[in-house]
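Colleague: I would like a close look at a single part of this model, with its neighbouring strands brought in afterwards. Please take me through it slowly, residue by residue where that helps.

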Amino acid sequence: MDPRDPDILTDFIVPPGTNTSLLDGAFFTYTGLISSNAADPAKFTATKATAVEFPALLGQSVSYAALVFGAGTLNPPHIHPRASELLYVVQGPLMVGLVDEAAGKVYTQTLQTGDMFVFPKGMVHFQYNAGTELARAFSTFGGASPGTVSLPGAIFESGIDDNVLEKSFHVDQATVETLKHDLAPAAPGPTVAVAPPPSTAAPGLSTRSAALAVLVGFGAAFCL
């Protein structure tokens with residue numbers, strides 16, 4: 001499927017092979033946005049309604065997502081390369097951040113219930129629930145296939161050589177390996193205890209703190 005929204009010459013597009021004479025209201029209906037969101041209080045979850053999940057959106061230049069943030073969870077720094085995002089908080093507070101590379105600034109705001117925030121297309125941004133209760137939001141995108149590129153994943157899970165990462169972030173190999181270990185998806189099946197790589201971080205500095213420091217350093221470098 002072409003990720004771009006086509007300039008359509010009809011009111012809407014149906015998948016190839018669809019018998020249009022049999023279309024009814026079900027084609028224009030999507031019921032999975034909320035029902036498929038488990039809202040695990042210990043996790044951040046995002047349920048999408050894009051052209052992939054909801055084919056009726058193809059060519060309509062719009063899509064949607066339901067976001068649920070467990071206490072202390074975040075949607076890591078990421079970009080949407082093909083669409084801007086308008087976020088609406090239905091259960092706050094929720095902290096958001098937007099990186100302005102051109103100005104060398106990071107704009108942050110703690111949103112309350114009913115507040116909105118816009119993330120322009122292609123700009124790095126994030127959301128963080130610093131509270132002790134669930135936070136919820138809905139996002140509307142100006143495209144049926146906005147795309148999502150997670151920066152931690154793109155950097156540490158894409159196969160970039162460790163030497164490149166070490167020199168880019170001014171850290172040692174142990175820190176790079178720790179970050180890769182923390183970002184790796186959980187393996188299916190029985191849980192097996194795996195000792196993390198040895199850390200050279202200063203005493204009292206947790207692995208999570210070291211990871212956060214590296215990502216903050218990336219954000220600072222991104223703004224230069």
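In what order do the five strands of the open sheet stand, and is their pairing parallel or antiparallel?

Modeller: The model is predicted, so local features are described only where pLDDT is at least 70, side-chain atom pairs count only at pLDDT 80 or more, and totals for chains, interfaces and linings use all residues. Residues are numbered from 1 along each chain as its sequence is written, and side-chain values use heavy atoms, with hydrogens and water left out.

Read across the open sheet, the five strands (E, DSSP runs of at least two residues, numbered from the N terminus) follow the order E6-E5-E8-E3-E10, and their pairing is antiparallel. Strand E6, residues 105-111, and strand E10, residues 149-150, are the edges of this arrangement, each having a single partner strand, so that one side of each is left without a neighbour in the sheet. At the E6 end, the partner is strand E5, residues 94-100, and the two pair in the antiparallel sense over seven bridges, where pairing requires that DSSP find at least two bridges between the strands. Within that pair, valine 99 stands opposite valine 106 of E6.

Strand E3, residues 74-79, is joined to E2 by a loop in which threonine 73 is found. Threonine 73 counts as buried because its relative accessibility is 12%, the cut-off for buried being under 20%. Leaving aside neighbours within four places in sequence, threonine 73 is in contact (heavy atoms within 4.5 Å) with Ala42, Lys43 and Phe44, and also with Tyr128 and Asn129.

Following that loop back leads to strand E2, residues 63-69, which is joined by seven bridges to E9, the two strands running antiparallel; here alanine 66 stands opposite phenylalanine 138 of E9. E9 is also joined to strand E4, residues 85-91, through six bridges, and this pair too runs antiparallel, with serine 139 of E9 as the bridge partner of leucine 87.

Strand E9 itself, residues 135-141, has two faces: Ala135, Ala137, Ser139 and Phe141 make up the covered one, while Arg136, Phe138 and Thr140 make up the uncovered one. Of the two E9 residues named above as partners, serine 139, the bridge partner of leucine 87, therefore belongs to the covered face, and phenylalanine 138, which stands opposite alanine 66, belongs to the uncovered face.

Note on methods: Buried means under 20% relative accessible area, exposed over 50%, partly exposed in between (1.4 Å probe, protein chains only). Helices (H or I, at least four residues) and strands (E, at least two) are DSSP runs, numbered from the N terminus.
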